[in-house]
Amino acid sequence: MTGTIHNATSPGKQMLSEQVYAHLRDAIMRGQYGPGAALKPQDLAREQGVSLAVVREALVRVVGEGLADRLPNRGFAVPAFSDQRWQDITQARRTVEPVVLRLSIEHGDLDWESRVRAAHHRLARTPEHVPEEGESYSSAWAEAHRVFHRTLLEGCGNPVLLETFDRLWTASELARRWAAQRAPRRDALVEHARLEEATLARDADAAAELLTRHLTMTGAALATTAHECGGDGG
């Protein structure tokens, strides 16, 4: 009997945890919780009408994605502005992604080229911002942006390198949104179009240089934001 009850309730708990995780992730990304804001399990449990155990599961997931920190004896919080934290992520991406792009250009086939073109077309046609989502990038654009950058690298044929990209992308997503909200506008359409053009022309040197510059500009925008907001950058 006990086993039957456990099996019946576990899927329900898992579904609740997934819902709270999705809500929390979206709220952090939209800026409803600002940099350094506390994420109090008791408050979240009350707001969402779920148990503390469900909330903690969701919080552990967002911590794992780099969207929150677990602080000793202080609970959970959104990452604070920290020049060094985000610059470390940017440095890692600048080190890894241009190399993977070169491999992708070397090994990618015609199907890969078609997917790159389709991903860029989708990105170029998706609005960056919509009124109902405020200053943040729209959810649709953010996903199209991720898919475009990942598709550029998928021709490498190395799942371990792609998993590394996935982890770095998720960890940098929050920083990218902060930078986009506060930094001067960049012509992302032109940046992405040039990146697609060089990639499909199989010009590995130009494509790698364009990608490095693209990533550097995001890191520079966030560094400026951190200093303006009194960040503890190194």
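**Figure 1. Lining of the second largest pocket in the predicted model.** The residues around this pocket are Ala22, Arg25, Asp26, Met29, Ser139, Ala142, Glu143, Arg146, Trp169, Thr170, Glu173 and Arg177. Helices H1, H6 and H7 are the elements that each supply two or more residues to the lining. By type, the lining divides into 6 charged, 4 nonpolar and 2 polar residues. The space in the second largest pocket comes to about 250 Å³.

**Figure 2. The largest cavity and the helices around it.** The structure contains 1 cavity of 30 Å³ or more. The volume of the largest cavity is about 90 Å³, and 10 residues line the space. Of these, Thr90, Arg93, Ser172, Arg176 and Thr218 lie nearest the centre of the cavity. Two or more lining residues come from each of helix H4 (83-107), helix H7 (159-182) and helix H9 (204-228). The most is given by H4, with 4 residues. The lining is made up of 5 nonpolar, 3 polar and 2 charged residues.

**Figure 3. The open sheet of 3 strands.** The strands are arranged in the order S1-S3-S2, and their pairing is antiparallel. Strand S1 (38-39) and strand S2 (69-71) are at the edges; each has a single partner strand, so one side of each has no neighbour in the sheet. Helix H3 (residues 52-64) packs on the sheet and touches S1, S2 and S3. The direction of H3 makes about 115° with that of S2. In general, the strands of a sheet pair through backbone hydrogen bonds, in either a parallel or an antiparallel way. Here, S2 and strand S3 (residues 75-77) are joined in the antiparallel sense over 3 bridges. Asp69 is placed opposite Ala77 in S3.

**Figure 4. Surroundings of Phe76 in strand S3.** Is Phe76 buried or exposed? Phe76 has a relative accessible area of 5%, and it is buried because this value is under 20%. Apart from neighbours within four places in sequence, Phe76 is in contact with Ala37, Ala38, Leu39, Pro41, Leu59, Val63, Asp69 and Arg70. One of these residues, Leu39, is 37 residues away from Phe76 along the chain, and the C-alpha atoms of the two are separated by 5.1 Å.

**Figure 5. Two buried residues of helix H6, His145 and Thr151.** His145 lies in helix H6 (residues 139-154), and Thr151 is placed in helix H6 as well. The relative accessibility of His145 is 5%, which counts as buried. Not counting residues up to four places away in sequence, His145 touches Leu123, Trp169, Arg176, His192 and His214. Thr151 also counts as buried, at 6% relative accessibility. When neighbours within four places in sequence are left aside, the contacts of Thr151 are Trp112, Arg115, Val116 and Ala119.

**Figure 6. His23 in helix H1.** Helix H1 spans residues 2-29 and includes His23. His23 has a relative accessible area of 32% and is partly exposed, because this value falls between the limits of 20% for buried and 50% for exposed. Between the C-alpha atoms of His23 and Gln48 the separation is 9.2 Å, while the two residues are 25 residues apart in sequence.

**Figure 7. Arg202 in the loop between H8 and H9.** Arg202 is found in the loop that lies between helix H8 (188-200) and H9. Most residues other than glycine have a negative phi. Arg202 is not a glycine, yet its phi is positive, at about 60°. With a relative accessible area of 31%, Arg202 is partly exposed.

**Figure 8. The protein chain as a whole, for orientation among the close-up views.** The secondary structure of the chain consists of 9 helices and 3 strands. Which order do the elements follow from the N terminus on? They run α-β-α-α-β-β-α-α-α-α-α-α. The chain has 234 residues, of which 41% are buried. Among contacts between residues at least 6 apart in sequence, 71% join residues at least 24 apart.

Note on methods. Residues numbered from 1 in each chain as written. Predicted model: local features only at pLDDT ≥ 70, side-chain atom pairs only at ≥ 80, totals over all residues. Heavy atoms only, no water. Pairing = 2+ DSSP bridges. Contact = heavy atoms within 4.5 Å. Axes fitted to C-alpha atoms, helices over the stretch in contact; angles between N-to-C directions. Buried < 20%, exposed > 50% of the residue type's maximum accessible area, 1.4 Å probe, protein only. 1 Å grid on protein atoms, 1.4 Å probe; cavity = no way out; pocket = protein on both sides within 12 Å on 5 of 7 lines; lining within 4 Å. Points joined across faces, edges and corners; volume = space filled by probe spheres on them. Nonpolar A, V, L, I, M, F, W, Y, C, P; charged D, E, K, R; others polar.
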